[in-house]
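Below is a colleague's note on the model, set out as numbered points. Please read each point with the structure open beside it.

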Amino acid sequence: MLNTEWFSIRTLTLPATAIALLAAFFVVWFVLRMQFSKQWSGVYADAIFTFIIVWKFSLIVTDFKAVLAQPLALLYFNGGTLGVYLATITVLLQLLWKRHKLQWADEGVMASVWAIILTQSIYQWFVVLLNDNSMNSEVITLTVLSILTLFILWKITALQKALIIYTAGYLIVATLQPQGLWQPAVGVSVLLLMLGLGIQRVGGKK
C-alpha cells in the first residue's frame, strides 16, 4: 500500500505507515498479554524495542552525511526501506541469540506464530484505514487478510502450515496492491516466515 497521509504529533510528523506499525505493535502486544503467559508478551515487547531503535538509528547507515550535518535528524527521520530490513534482521538475530535462554516450548511457539501473523495483518488493516489507496485494493486487503487470519488462528493447528499458508496468501494480496511485490512489507513477510519456521525448529513443534 502507498502512504498517502501524514500525521503531526506536536513537532513530530509521521507517515501513516509508521502510525499503523506502532498501533499494530501495541494491539498485538495486548493480544499476546491476554492470550499467553506474560513471558511472551515481554519477548514481543523486547523485539519491538529493538526494531524501533535500529529502524530509527539506521539513518546513520543510510544517510551518514545528513546525521553529521544535523544530529537532530535522528529524532525526526529513520532509515527508510533499508532501515526496515536492517531492523527486522536484527530482531531475527536477537531472537536466534536468545533461543536457549527463552526455552521455546509449545506455548512459546504458538505465541510466536500468533505474533507473526497478527502483526502483519493488523499493520495492513491500519494502513488501509489511515491511507487513501484504490478502493479495490483496500477492500481485497481487508477482506482476504481478515478471513485468512481468523481461519488460520482458529482452525489450523499445524503451525508450519499456518505460516506458509498465511505468507502465500499475503503475497497474493500484495500483487493487487499499488506497489505489488516490491513493497518492503513483502520482504519483511518472507523474513518473518523464516523466523517462524526457525522458532518451530528450536521449539520442536510442527
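What should the 18 residues of helix α6 span at 1.5 Å a residue, and how far apart are its end C-alpha atoms?

1. The model is a predicted one, and the length of α6 is a convenient place to begin. Helix α6, residues 80-97, should span 26 Å at 1.5 Å a residue, because the expected span of a helix is 1.5 Å times one less than its number of residues, and the end C-alpha atoms of α6 are 26 Å apart, which agrees. Along this helix, Gly83, Val84, Ala87, Thr88, Val91, Leu92 and Leu95 are buried.

2. Helix α2 can be put to a similar check: with 20 residues, α2 reaches 29 Å from its first C-alpha to its last, close to the 28 Å expected at 1.5 Å a residue. The buried residues of α2 include the aromatic residues Trp40, Tyr44, Phe51 and Trp55, and the list also holds Ser41, Thr50 and Lys56.

3. The next point concerns the aromatic rings. The count comes to six aromatic pairs. In one of them, the rings of phenylalanine 25 and tyrosine 44 have their centres 6.4 Å apart and their planes at 75 degrees, so this pair is edge-to-face, the cut-off for that class being over 60 degrees. The pair links distant parts of the chain, with phenylalanine 25 in helix α1 (residues 16-35) and tyrosine 44 in helix α2 (residues 38-57), 19 residues apart. Phenylalanine 25 and tyrosine 44 are both buried.

4. Phenylalanine 25 also pairs with phenylalanine 51, and here the ring centres are 5.8 Å apart with the planes at 75 degrees, so this pair, too, is edge-to-face. Phenylalanine 25 in helix α1 and phenylalanine 51 in helix α2 are 26 residues apart, and their pair again links distant parts of the chain. Phenylalanine 25 has a relative accessible area of 9% and is therefore buried, since buried means under 20%; phenylalanine 51 is likewise buried, with a relative accessible area of 9%. Ring pairs link Phe25, Tyr44, Phe51 and Trp55 into a cluster.

5. Two residues of this cluster return in the description of the largest pocket, which has a volume of about 1,100 Å³. Of the 49 residues that line the largest pocket, the closest to its centre are Leu21, Phe25, Phe51, Val84 and Val188. The elements that give two or more residues to this lining are β2 (12-15), α1, α2, α6, α8 and α11 (184-203), and the largest share, nine residues, comes from α8.

6. Helix α8 (residues 106-130) holds glutamine 124, which is a polar residue worth inspecting. Glutamine 124 counts as buried at 2% relative accessibility, and a polar contact of 3.1 Å joins its side chain to that of tyrosine 170. Leaving aside residues up to four places away in sequence, glutamine 124 touches Met1, Thr141, Leu145, Tyr170, Gln177 and Ala185.

7. Isoleucine 117 also has its place in helix α8, and with a relative accessible area of 0% this residue is buried. When residues up to four places away in sequence are not counted, isoleucine 117 touches Thr149, Ile152, Leu153, Ala162, Leu163 and Tyr166. The C-alpha atoms of isoleucine 117 and leucine 148, which are 31 residues apart along the chain, are separated by 9.8 Å.

8. Threonine 149, one of the residues touched by isoleucine 117, is placed in helix α9 (residues 135-155). Threonine 149 counts as buried at 1% relative accessibility, and its side chain is joined to that of serine 121 by a polar contact of 2.6 Å. Apart from residues up to four places away in sequence, threonine 149 touches Ile117, Leu118, Ser121 and Tyr166.

9. Two further C-alpha distances may be checked in the model. Alanine 18, in helix α1, is buried with a relative accessible area of 5%; alanine 18 and tyrosine 123 are 105 residues apart in sequence and 9.5 Å apart in space, C-alpha to C-alpha. Tyrosine 76, found in helix α5 (residues 73-76), is partly exposed, with a relative accessible area of 39%, and tyrosine 76 and leucine 14 are 62 residues apart in sequence and 8.4 Å apart in space, C-alpha to C-alpha.

Terms used. Residues are numbered from 1 along each chain as its sequence is written. This is a predicted model: local features need pLDDT of at least 70, side-chain atom pairs count only at pLDDT 80 or more; totals for chains, interfaces and linings use all residues. Side-chain values use heavy atoms; hydrogens and water are left out. Helices (H or I, at least four residues) and strands (E, at least two) are DSSP runs, numbered from the N terminus. Buried means under 20% relative accessible area, exposed over 50%, partly exposed in between (1.4 Å probe, protein chains only). Rings of Phe, Tyr and Trp (its six-membered ring) pair if their centres lie within 6.5 Å; planes under 30 degrees apart count as stacked, over 60 as edge-to-face and the rest as tilted. A polar contact is a pair of N or O atoms within 3.5 Å; within protein, one must be able to donate a hydrogen and the other to accept it, and residues adjacent in sequence count only if both atoms are side-chain atoms. Contact means heavy atoms within 4.5 Å. On a 1 Å grid over the protein atoms alone, a cavity is a set of points where a 1.4 Å probe fits but cannot get out, and a pocket is an open set with protein on both sides within 12 Å along at least five of seven lines; lining residues have an atom within 4 Å of a point. Grid points are joined across faces, edges and corners, and a volume is the space filled by probe spheres set on the points.
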